[in-house]
Amino acid sequence: MAPKSDLSPFTITLLLLLIILFPFLSNATANEAHGKISSPVAFLQHLTGCRKGDNVKGINDLKKYLQKFGYLNYNNHIHYDDNDFDELLEEAVKTYQLNFHLKFTGTLDERTIIKMIMPRCGMPDIINGTTSMRAAKIQHQHPELHTAVHYTLPDGNYKWPPSKYHLTYGFLPGCPAGAMAPISQAFAIWGKSTHFKFSHNTKSAQNADLKISFHKRDHGDGDAFDGPGGQLAHAAYPTVGTLHYDAEETWSAGAKAGAVDYGSVGLHEIGHLLGLGHSSVEGAVMFPTVTEGVAYKNLHQDDIQGIKALYKV
Ligand SMILES: [Zn+2]
Ligand SMILES: [Zn+2]
């Protein structure tokens, strides 16, 4: 064991080196804090340019990302947790690119990475590999089929019965005070454009048909939030009626730079509460990503058509 004596020449050299390097080291830390390096999807930034055949640290996280959103189904496959960019992964990246209107290459180009890093809904785009945003791929492979690329309805066509076309909503304890007005406004927008009517149950949120609450990380429904960035919210299909917001995001009431609008995310999640899946129409409220600093005020025709098709109204 080293004696507890004065500083050895080695220690002094080390200290000097640290003093010289300090400005660089602290600068690196500042950059990390400034950029979204700590975001749950930060690993994607290192994967730019990756393609089939590559083996790069972080590809295992990409597999988990694409599996979560329905693009991959490794089913406990041996390659689920490794960094091999295999054929299955290339196929998943291609499907993702089609859904998000990107160049169909299977390579993780910059635009694909930028899309994946965008804040988004935590619900999958493809469910059981058979539904949702799959039309884009069929259309690409078989243009003769003229597959419509639009809203999607999850398998099972979950919907509210006619006796529940007037739904009540409530805010469970813990919701930020500033969230209520923009989310109520989002319900009003759906009420204006569909056959649904919504009213705020201010007396008993527990007894409301639709319950809004804010949570951090693991919150008991098997679908943990991921901290700032990444997933913003998720909601259950009819007739469950739960809408969860990730409490760790930077939220705003209305459009504000660097923040996500409560109302815009509410507008999207209400679509799930009513039975819609994700749409591949960019500009539709049911498109999976949300742009920071923007507030949606209206539904897209595609969202309204989705509700009409589901409820046959
Ligand atoms: Zn969604
Ligand atoms: Zn949840």
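**Figure 1. Strand order in the open five-stranded sheet of the predicted model.** The 5 strands of this open sheet follow the order β2-β1-β3-β5-β4, and their pairing is mixed. At the edges lie β2 and β4, each of which pairs on one side only. From one strand to the next, the twist averages 20°. Strands β3 and β5 run parallel and are joined by 5 bridges. Lys211 has Thr242 in β5 as its bridge partner. In general, the strands of a sheet pair through backbone hydrogen bonds, in either a parallel or an antiparallel manner.

**Figure 2. Helices α6 and α7 against the sheet.** Helix α6 packs on the sheet, where it touches β1, β2 and β3. The direction of α6 makes about 160° with that of β2. Helix α7 lies across β3, β4 and β5, and runs at about 25° to β4.

**Figure 3. The buried and exposed sides of helix α6.** Within α6, which spans residues 177-193, the buried residues are Ala179, Pro182, Ile183, Ala186, Phe187, Ile189 and Trp190. Because these residues cover an arc of only 155° around the axis, they fall on the same side of α6. An α-helix has 3.6 residues a turn, so residues three or four places apart point the same way. The cover over the buried residues of α6 includes the strands β1 (166-171), β2 (197-200), β3, β6 (251-252) and β7 (260-261), together with helix α7 (262-273). Ala177, Ala181 and Lys192, on the other side of α6, are exposed.

**Figure 4. Surroundings of Ser279 in the loop between α7 and α8.** Ser279 counts as buried because it has 28 C-beta neighbours inside 10 Å, the threshold for a buried residue being 20 or more. Leaving aside residues up to four places away in sequence, Ser279 touches His150, Tyr151, Thr152, Ala284, Met286, Phe287, Asp302 and Gly306. The C-alpha atoms of Ser279 and Asp125 are separated by 8.2 Å, although these residues are 154 apart along the chain.

**Figure 5. Two non-glycine residues with positive phi, Arg217 and Lys312.** Arg217 is not a glycine, yet has a positive phi of about 45°. This residue is found in the loop between β3 (210-215) and β4. Arg217 counts as exposed because it has 11 C-beta neighbours inside 10 Å, where the limit for an exposed residue is 12 or fewer. Lys312, likewise not a glycine, has a positive phi of about 50° and lies in the segment after α8 (301-311). With 6 C-beta neighbours inside 10 Å, Lys312 also counts as exposed.

**Figure 6. The cis peptide bond from Pro238 to Thr239.** This bond has an omega near 0°. Thr239 is found in the loop that connects β4 (233-235) with β5 (242-246). Most residues other than glycine have a negative phi, and most peptide bonds are trans.

**Figure 7. Confidence along the protein chain.** The chain has a mean pLDDT of 86, and 81% of its residues reach 70 or more. Residues 1-5 have a pLDDT below 50, and this stretch has 0 contacts in the model beyond near neighbours in sequence. Over residues 14-37 the pLDDT is likewise below 50, with 5 contacts in the model beyond near neighbours in sequence. Where pLDDT is low, the predicted coordinates should not be read in detail.

Terms used:
Residues numbered from 1 in each chain as written. Chains lettered and ligands numbered in written order. Predicted model: local features only at pLDDT ≥ 70, side-chain atom pairs only at ≥ 80, totals over all residues. Helix = DSSP H or I, 4+ residues; strand = E, 2+ residues; numbered from the N terminus. Arc of directions from axis to C-beta. Contact = placed C-beta atoms within 7 Å. pLDDT = per-residue confidence, 0-100. Pairing = 2+ DSSP bridges. Axes fitted to C-alpha atoms, helices over the stretch in contact; angles between N-to-C directions.
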